[in-house]
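I opened this chain today and kept notes as I went. The entries follow the order of my look-ups.

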Amino acid sequence: VSQSRYSKKEKSLNFSGGIQYNYNNILAEAEIFVKYINGYINLVPDQQILLTTRGAFPVYRYEQSNARLSGLNMNIRYTLHKAWKVKLRTQIMYGSDLSRDKYLNMMPPINGKLGLYYSKSKHKADITMEYNGRQYRYEEGSDFMPPPPGYVIIGGNWSYEFKIKNQSISGSIGFNNLFNFVGTLIDKSHQ
């Protein structure tokens, strides 16, 4: 990574607002935010390859510009029964380079996680589905490769805690990326 000196320090102006809803079995929280950053320092690919005796490596550089980050964070929890809960988390974030009128590099795509959770005394279990969308807000040719397609990861865990002679012992078993599923049902643009 190459660096240079910057003429100004990063300064930001932040706006955010949130709301929380809690009624019966539902707890929902949402937050929107906008950040204006003067002198934002961003790490961007330099479109060069550094050749060394150990191989070829991409080169990055820092750019300074004015930027806006905006988005939404949301969490919802629904209690089905004392031991059963459904949770949904989602994040949407956009980054804009205001000085160059283009998208900021390396911003996360829309993502979320949906899960069913069980917890009763010494037993805990969950099954989750995590979604990461394809990033469409990027400048073509601004990175070494285009963003990957969206994907879904399905996972789960089961754990149990027990005692032997006043010593707590816990065991768990889990799985992640059960179906090795790349978003063919969600994102058909890569075909």
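What radius of gyration does the chain have, and what would a compact globule of 191 residues have? I found 22 Å for the chain, against near 16 Å for the globule. The radius is taken over C-alpha atoms, and the globule rule is 2.2 Å times the number of residues to the power 0.38.

I noted that this is a predicted model, in which local features need pLDDT of at least 70 and side-chain atom pairs pLDDT 80 or more, while totals for chains, interfaces and linings use all residues. Residues are numbered from 1 along each chain as its sequence is written, and side-chain values use heavy atoms, without hydrogens and water.

Next I looked up the elements. The chain has 10 strands and 0 helices (DSSP runs, E of at least two residues for strands, H or I of at least four for helices, numbered from the N terminus).

I then checked burial. Of the 191 residues, 23% are buried, meaning under 20% relative accessible area with a 1.4 Å probe, protein chains only.

I turned to the largest nonpolar core (buried Ala, Val, Leu, Ile, Met, Phe, Trp, Tyr and Cys joined through side-chain atoms within 4.5 Å). Its 8 residues are F33, I37, Y40, A67, L69, M93, L104 and M107. At least two come from each of β2 (26-52) and β3 (55-81). β2 gives the largest share, 3 residues.

I picked out I37 from this core. Beyond its neighbours within four places in sequence, I37 contacts E10, K11, S12, S65, N66, A67 and L69; contact means heavy atoms within 4.5 Å.

How values were computed: Buried means under 20% relative accessible area, exposed over 50%, partly exposed in between (1.4 Å probe, protein chains only).
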